[in-house]
Every structure is written in C-alpha cells, then in structure tokens.
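Please walk through the fold, then a pocket, then selected side-chain contacts, in that order.

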Amino acid sequence: MKTTVNGISKQFNAITVDGIVDSLKGPEFKQAQIRQVITSTYPGKKVENSMSDSLFDVEAFNIEGTEYKSTRMAWVLVPTNVTKEQVEAMLASKPNARICKKYSNKLVDVLTDEQKYALSAGIVTKEQLQDKHVIKDSKGNIVQPVQYSTGFFVNNYTNHKESANANAFGDVDMRVETKVATPTAAVTTKAVLESLM
C-alpha cells in the first residue's frame with residue numbers, strides 16, 4: 001500500500017512473519033515476530049509552497065527523488081496452536097495492517113501500560129527500557145537530543161488507538177523540535193519574528 005503526503009511517498013510492503021516463540025504472558029500464548037519494509041521517497045524539489053498547493057501531483061513533474069528503505073518490527077500475541085503459515089494468512093487478510101512507529105523525547109511516552117507496570121513492579125529497570133527504545137545512529141551512537149521510539153501493530157492504520165495523534169502514515173511523533181542551538185540564534189530568530197509583527 002502506498003501513501004503520499006506533501007510529495008513524500010511511503011510504500012508499505014506486506015508484513016512478513018520471522019517466527020513464533022513462547023510468550024512470557026502465559027502458556028496459552030505465543031508471540032509472532034513480524035516485520036514490514038517501508039520504502040520512503042522524498043522529492044528532489046517541492047512543487048508547492050507553505051501556502052499554495054500544487055495543481056499537479058509531484059509525479060507529473062518527473063523530478064528525481066531520494067529513496068530510503070527502513071524495516072519495522074513488532075511482536076504480536078498468537079494462540080499456542082497457530083502456525084507461521086496461519087499468521088501469514090491472517091496478515092494477508094488485513095490489507096490496512098501496518099507496523100506503525102511512535103516517537104518521543106520522553107521514554108514514558110513510548111511505553112505500553114504493561115511496560116509501565118513492569119517498571120513500577122521492579123520486573124524491568126528503566127535502563128533496560130531505555131536501551132530497548134532509544135534511537136541510535138548507524139554507528140550505534142545515541143542520537144542527540146535523546147529520542148525514543150517503539151513499533152506497534154495495527155489492524156487498520158486509518159482507525160487505531162493512537163489515530164487521533166497520528167500523521168497520515170499512521171505514525172505518532174511527539175518529539176519537540178530543537179533547531180535553535182545557541183542563544184545568539186535564539187535572539188536573532190526572536191528579533192526577526194518580532195520585526196515581522
């Protein structure tokens with residue numbers, strides 16, 4: 001399924017199943033590790049501006065874009081008697097299923113209620129959860145400012161529990177922008193904005 005917003009297109013490939021393992025939740029459950037490859041294409045040039053839409057789709061201009069591939073992974077509970085093939089068939093029957101992402105500068109925003117409980121009960125440590133969710137660059141360094149993410153499965157990305165906060169791709173981004181790095185830049189930005197008022 002392909003979604004295009006503001007010239008950025010994302011192709012969501014079919015969700016695949018890596019395998020099924022035992023679950024810590026109890027003997028009546030197993031967990032399937034699922035994976036989805038997303039191909040994002042960013043246009044080389046914009047065909048609209050901050051106020052005006054483009055009359056034509058960006059594809060009509062034959063502008064070369066830059067393509068990136070990313071892989072998302074999530075775990076879903078399945079009954080103990082289900083095979084990998086049955087999970088694949090179930091996923092194939094859900095054309096709007098996606099592995100969505102949630103991003104934040106705060107760890108607590110990307111945790112499930114169950115993870116929050118496990119933390120408060122001492123089952124896991126904050127450090128374990130931070131290590132699991134912190135965003136790292138390709139060299140393994142923690143991205144600055146610190147950011148966290150989690151992948152989560154939804155049957156229908158247009159109508160899921162987080163959809164009120166989601167963007168057009170089904171993702172939730174709660175990160176705050178930190179583009180002004182120096183006091184001088186902040187003062188300059190403020191002065192420019194005040195001069196426009």
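**Fold, pocket and contacts**

The chain has five helices and eight strands. The coordinates belong to a predicted model. Read from the N terminus, the elements follow the order β-β-β-β-β-α-β-α-α-α-β-β-α. The chain counts 197 residues, and 27% of them are buried.

The pocket comes next. The second largest pocket has a volume of about 420 Å³. The elements that each supply two or more residues to its lining are β4 (29-43), β5 (65-79), β6 (98-104) and β8 (172-173). Strand β5 provides the largest share of that lining, namely six residues. In total, 19 residues line the second largest pocket, and those nearest its centre are Lys10, Ser70, Arg72, Lys101 and Tyr103. By residue class, the lining of this pocket splits into seven nonpolar, five polar and seven charged residues. A probe the size of a water molecule, rolled over the atoms, shows where empty space is left.

Strand β5 can also be followed away from the pocket. Thr66 lies in strand β5. Is Thr66 buried or partly exposed? Its relative accessible area is 39%, and because this falls between the limits of 20% and 50%, Thr66 is partly exposed. Thr66 and Ile8 are 58 residues apart along the chain, and their C-alpha atoms are separated by 9.9 Å.

Met73 is another residue found in strand β5. Met73 has 32% relative accessibility and therefore counts as partly exposed. Which residues form a nonpolar patch on the surface with Met73? The patch consists of Val21, Met73 and Trp75, and together these have about 260 Å² of accessible area. Patch members need over 30% relative accessible area, so the 32% of Met73 meets that cut-off.

The remaining topic is charge pairing. How many salt bridges does the count come to? The count comes to five salt bridges. One of them joins the side chains of Arg35 and Asp18, at 2.7 Å from N to O. This pair links distant parts of the chain, with Arg35 in strand β4 and Asp18 in strand β3 (residues 16-22), 17 residues apart. Arg35 has 29% relative accessibility, so Arg35 counts as partly exposed. Asp18, with a relative accessible area of 36%, is also partly exposed.

Another salt bridge is formed by the side chains of Lys136 and Asp131, with an N to O distance of 3.5 Å. A salt bridge requires the nitrogen to be within 4 Å of the carboxyl oxygen, so the pair at 3.5 Å qualifies. Lys136 has a relative accessible area of 39% and is partly exposed.

Arg175 and Asp173 form a further salt bridge, in which the closest N and O atoms are 2.7 Å apart. What is the relative accessible area of Arg175? The value is 30%, and Arg175 is partly exposed. Asp173 counts as partly exposed at 43% relative accessibility. Asp173 falls within the residue range of β8 (172-173), one of the elements that give two or more residues to the lining of the second largest pocket.

Note on methods
Residues are numbered from 1 along each chain as its sequence is written. This is a predicted model: local features need pLDDT of at least 70, side-chain atom pairs count only at pLDDT 80 or more; totals for chains, interfaces and linings use all residues. Side-chain values use heavy atoms; hydrogens and water are left out. On a 1 Å grid over the protein atoms alone, a cavity is a set of points where a 1.4 Å probe fits but cannot get out, and a pocket is an open set with protein on both sides within 12 Å along at least five of seven lines; lining residues have an atom within 4 Å of a point. Grid points are joined across faces, edges and corners, and a volume is the space filled by probe spheres set on the points. Helices (H or I, at least four residues) and strands (E, at least two) are DSSP runs, numbered from the N terminus. Ala, Val, Leu, Ile, Met, Phe, Trp, Tyr, Cys and Pro count as nonpolar, Asp, Glu, Lys and Arg as charged, and the others, Gly among them, as polar. Patches are made of residues with over 30% relative accessible area and no salt bridge: like charges are joined within 9 Å, nonpolar side chains (Val, Leu, Ile, Met, Phe, Trp, Tyr) within 5 Å. Accessible areas come from the Shrake-Rupley method with a 1.4 Å probe; for residues, only the protein chains shown count as cover. Buried means under 20% relative accessible area, exposed over 50%, partly exposed in between (1.4 Å probe, protein chains only).
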